Amino acid sequence: MQDSKLYVEENKQRFLNELIDLLKIPSVSADSAFKDNVLLTADEVAKRLKEAGCDTVEICPTDGYPIVYAEKIIDKNLPTVLVYGHYDVQPADPIELWHSPPFEPVIKKTDFHPEGAIFARGACDDKGQMYMHVKAMEFMTSTNQLPCNVKFMIEGEEEVGSVNLGTYVKNNHEKLKNDVILISDTGMIANDVPSITTGLRGLSYVEVEVTGPNRDLHSGLYGGAVANPINILTQMIASLHDEDNHITIPGFYDNVEELSLEERAEMAKAPFSLDAYKKALDMEDVHGEKGYTTNERNSIRPTLDVNGIWGGYIGEGAKTVIASKAYAKISMRLVPNQDWENITELFKTHFESIAPKSVKVKVTPHHGGQGYVTPIDSLGYQAASKAYETTFGKKPIPQRSGGSIPIVSLFEQELKSKTILMGFGLDSDAIHSPNEHFGVWNYLKGIETIPYFYKYFTELFK
Ligand code: BES
Ligand code: MN
Ligand code: MN
């Protein structure tokens with residue numbers, strides 16, 4: 001194969017400029033104020049896919065934001081790789097915590113990225129990682145060495161639960177037919193410790209509302225005699241974990257897959273420094289389920305976290321008031337075999353059952369999705385492993401991630417193919433946080449590595 005490293009070096013500046021232009025469009029899917037920009041981003045992605053050598057490019061409308069679909073079919077007898085990614089990004093707020101505006105990308109050096117990193121919302125999650133695939137495609141088509149068929153499916157609603165992608169996938173089995181699905185929307189251990197993500201956690205996301213009295217009350221006249229929904233809500237939330245940090249919802253752990261001691265020992269071989277972890281987050285100590293290590297707690301174990309909580313008076317100064325209502329948004333990260341709809345049901349039943357008579361409780365499910373694990377003996381995994389070995393000079397370590405891409409399990413269910421997660425981000429890249437960034441080295445290394453996946457997958461497929 002003609003050297004992708006050389007091609008990347010020669011086109012480095014252009015590759016960076018193109019990504020920077022894409023990052024300037026604020027494609028925030030959660031906030032309808034950004035609608036025009038989300039749509040504009042879809043057009044832009046479609047244009048870039050065409051330029052990269054795709055023959056068919058479509059902007060497929062959905063009930064929400066469109067799906068950009070593109071393909072290049074060179075021979076029906078050759079395998080087909082389906083690339084998935086997302087062009088939408090998380091909201092940028094809290095904006096005041098950004099050191100440079102979120103949609104005005106700048107390149108700055110960091111401890112983990114001595115060669116510089118691009119700072120912008122979406123730099124790593126997922127515009128930067130998605131665009132690596134577009135540029136890898138450009139390399140393969142322009143040097144005449146695309147070894148197999150390629151399909152791209154880039155959506156604009158991942159950050160809001162991929163609500164319309166499921167329908168699209170269900171209605172387009174034939175069109176999306178493939179031999180492997182390739183995604184770069186995860187991370188790796190470190191730039192000198194390549195890894196392949198072999199698992200994602202599932203998710204159940206709910207909102208709860210606790211109502212006490214029918215109106216806000218004077219906290220002196222009524223305080224002590226009526227239920228304060230904020231007091232009650234916080235007590236209810238606190239009771240969801242016991243002293244060992246186990247989740248107390250009956251049945252919650254019923255289907256949790258327990259890993260063998262051998263599997264856990266294998267996991268523990270991945271390089272990890274607890275001291276560096278604590279230092280990076282400015283914490284004296286870590287916190288989590290008794291009996292499990294930090295890396296186990298955030299990958300093979302299910303969790304429950306409050307993502308937001310509000311109610312009562314939060315303006316300037318003090319106001320003596322007992323609020324009528326209190327709210328919280330709660331997410332549960334799930335592991336394989338836990339069914340998200342079942343868990344949502346268990347949560348609802350339990351949460352309603354622990355509420356005292358003095359309040360009313362409403363639980364509203366948001367979105368969710370199943371977890372995913374992929375074996376390391378599949379053709380796709382082997383091809384990815386060889387690709388990393390070629391460009392990193394090291395065999396990658398299989399590693400389960402704590403994050404979720406709920407659509408991946410649906411891909412397997414509907415399209416019957418395995419997903420390979422070749423992520424090039426680092427945990428320190430601050431995805432979803434202020435000052436999100438993506439290493440310039442990582443971006444270019446991704447473009448260099450991806451073509452080898454195509455090459456090895458096609459060879460192994462024969
Ligand atoms: N790309 C992330 C998921 C991710 C990041 C997985 C890093 C593994 C490592 C994705 O965009 C995301 O943020 N997913 C959401 C779930 C979604 C339903 C909003 C998540 O994990 O919170
Ligand atoms: Mn993502
Ligand atoms: Mn995300």
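The exercises below work through a predicted model of one protein chain with bound manganese ions.

**Exercise 1. Describe the overall build of the chain, and decide whether its radius of gyration agrees or disagrees with that of a compact globule.**

Step 1. The secondary structure comprises 12 helices and 18 strands.

Step 2. For 462 residues, a compact globule would have a radius of gyration near 23 Å. The chain has 23 Å, so the value agrees with the globule rule.

Step 3. Along the principal axes, the C-alpha trace spans about 80 × 50 × 45 Å.

Step 4. Of the 462 residues, 53% are buried.

**Exercise 2. Work out which protein atoms hold the manganese ion (ligand 2), and classify the site.**

Step 1. List the donors. They are NE2 of His-86, an OD atom of Asp-125 and two OD entries of Asp-185, at 2.0 to 2.4 Å from the ion.

Step 2. Check the angles. The six donor atoms around the manganese ion (ligand 2) subtend 56 to 166°. An octahedral site would need opposite donors over 155 degrees apart and all other angles between 65 and 115. The 56° angle fits neither range, and the arrangement is therefore irregular.

Step 3. Place the donors in the sequence. Their spacing is H-x38-D-x59-D. His-86 belongs to strand E3 (residues 80-86) and Asp-125 to the loop between E5 and H3, so this pair ties together parts 39 residues apart in sequence.

Step 4. Assess the cover over His-86. Its relative accessible area is 0%, and the cut-off for buried is under 20%, so His-86 is buried.

**Exercise 3. Do the same for the manganese ion (ligand 3), and find which residue coordinates both ions.**

Step 1. The protein donors are an OD atom of Asp-125, two OE entries of Glu-159 and NE2 of His-432, lying 2.1 to 2.5 Å from the manganese ion (ligand 3).

Step 2. Angles among the six donor atoms run from 56 to 153°, and this site is irregular.

Step 3. The donor residues follow the spacing D-x33-E-x272-H in sequence. Asp-125 and His-432 link distant parts of the chain, 307 residues apart. Asp-125 sits in the loop between strand E5 (117-119) and helix H3 (127-142), whereas His-432 sits in the loop between strand E17 (419-421) and strand E18 (437-439).

Step 4. The residue that coordinates both ions is Asp-125, and the two ions are 3.6 Å apart.

Step 5. Asp-125 has 7% relative accessibility and is buried, while His-432, at 39%, is partly exposed.

**Exercise 4. Explain why Tyr-222 counts as partly exposed, and name the surface patch it joins.**

Step 1. Tyr-222 lies in the loop between strand E10 (217-218) and helix H5 (229-238).

Step 2. Its relative accessible area is 32%. Partly exposed covers the range between the buried limit of 20% and the exposed limit of 50%, so Tyr-222 is partly exposed.

Step 3. Patch members need over 30% relative accessible area. Together with Leu-221 and Val-226, Tyr-222 forms a nonpolar patch on the surface, with about 280 Å² of accessible area.

**Exercise 5. Locate Gly-368, and state how far it is from Ile-450 in sequence and in space.**

Step 1. Gly-368 is part of strand E14 (residues 360-369).

Step 2. With 15% relative accessibility, Gly-368 counts as buried.

Step 3. Gly-368 and Ile-450 are separated by 82 residues in sequence and by 30 Å from C-alpha to C-alpha.

Notes. Residues numbered from 1 in each chain as written. Chains lettered and ligands numbered in written order. Predicted model: local features only at pLDDT ≥ 70, side-chain atom pairs only at ≥ 80, totals over all residues. Heavy atoms only, no water. Patch = residues over 30% accessible without salt bridge, like charges linked within 9 Å, V, L, I, M, F, W, Y side chains within 5 Å. Areas by Shrake-Rupley, 256 points an atom, 1.4 Å probe, with all protein chains shown as cover. Salt bridge = Lys/Arg side-chain N within 4 Å of Asp/Glu carboxyl O. Helix = DSSP H or I, 4+ residues; strand = E, 2+ residues; numbered from the N terminus. Buried < 20%, exposed > 50% of the residue type's maximum accessible area, 1.4 Å probe, protein only. Donors = N, O, S within 2.8 Å, 3.2 Å for Na, K, Ca; no water. Tetrahedral: all angles 85-135°; square planar, octahedral: opposite > 155°, others 65-115°. Rg over C-alpha atoms; globule rule 2.2 N^0.38 Å.
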